[in-house]
Amino acid sequence: MSTITIRRGQEADLPQVLALIQELAVYERAPHEVTNTLEDMQRDGFGPDAIFKFFVAEQEGKIQGIALYYTAYSTWKGRMLYLEDLVVTEELRGTGIGKRLFDAVVAEARHTGANRMKWQVLEWNEPAIGFYKKIGANLDPEWHNGNLTMEQLQAYTCDPAVEMIVTQPQEGK
């Protein structure tokens, strides 16, 4: 097998990254849930208000894995890195690529002064759970994950006075 290179993701990588995200959705039994587009990823990863970064595992010009993360903030701990997805293409799972991508995100957390790194894992994803336990990560059974879908966000009724604060132009901008 040829060498796998871990490097920072670039905009030109996004078509292959999106394909890996779609592969992950199939693995997680939710292929219909991916609504993200290449244009969204270009804007959100490389536009003026970029909100995510990623590392890739590349072999002979083909991206075999990704670790997509972003900076978040904890009111208790301060700066933290959130690992949104760590994906290795199916045929190369179990070869150590995932650990190398995870290592890259840990190194980034250290380099950026993060006080914590967080991620989620599905309760049935035994290979991933085994990996996280092996490295000594805390898998917290106390917390439930909450989310609102796009439809729920649109249907939710905000206090009009509060929503006006958000939609008004900010002074000095």
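Start by selecting D13, which is buried in this predicted model, its relative accessible area being 5%. The residue sits in the loop that runs between strand 1 (5-8) and helix 1 (14-27). With D13 still highlighted, display the backbone of Q10 as well, since its nitrogen lies 2.7 Å from a polar atom of the D13 side chain. Then expand the selection to the contacts of D13, which, leaving aside residues up to four places away in sequence, are R7, R8, F54, V56 and I63. One of these, R7, also belongs with D13 and E58 to a network of salt bridges.

From that group, move to R8 and add E108, whose side chains meet in a salt bridge with an N to O distance of 2.7 Å. R8 lies in strand 1 and E108 in helix 3 (residues 97-111), so this pair ties together parts that are 100 residues apart in sequence. Colouring by accessibility will set the two partners apart: R8 counts as partly exposed at 45%, whereas E108 is buried at 6%.

The structure holds 8 salt bridges, and another to select is the one between E91 and K62, where the closest N and O atoms are 4.0 Å apart. E91 belongs to the loop between strand 4 and helix 3 while K62 belongs to strand 3, so the pair ties together parts that are 29 residues apart in sequence. Here E91 counts as exposed, with 54% relative accessibility, and K62 as partly exposed, with 41%. For a further pair, select R43 and D44, whose side chains meet in a salt bridge at 2.8 Å, N to O.

Next, show the strands as a cartoon and select residues 53-59 and 62-74, which are strand 2 and strand 3 and pair in the antiparallel sense over 7 bridges. F54, already seen as a contact of D13, stands opposite L68 in strand 3. In the hairpin that these two strands form, 2 residues lie between the strands, and E60 takes a positive phi near 50°. Adding residues 78-88 brings in strand 4, which runs antiparallel to strand 3 and is joined to it by 10 bridges. This second pair forms a hairpin as well, with 3 residues between the strands, and Y73 can be picked out opposite R79 in strand 4.

Finally, colour the whole protein by pLDDT, for which the mean is 89, with 97% of the residues reaching 70 or more. Among the elements, helix 2 (residues 38-46) has the highest mean pLDDT, 98, and helix 5 (residues 150-155) the lowest, 79.

How values were computed. Residues are numbered from 1 along each chain as its sequence is written. This is a predicted model: local features need pLDDT of at least 70, side-chain atom pairs count only at pLDDT 80 or more; totals for chains, interfaces and linings use all residues. Side-chain values use heavy atoms; hydrogens and water are left out. Helices (H or I, at least four residues) and strands (E, at least two) are DSSP runs, numbered from the N terminus. Buried means under 20% relative accessible area, exposed over 50%, partly exposed in between (1.4 Å probe, protein chains only). A polar contact is a pair of N or O atoms within 3.5 Å; within protein, one must be able to donate a hydrogen and the other to accept it, and residues adjacent in sequence count only if both atoms are side-chain atoms. Contact means heavy atoms within 4.5 Å. Two strands pair if DSSP finds at least two bridges between them. pLDDT is the predictor's confidence in each residue, from 0 to 100.
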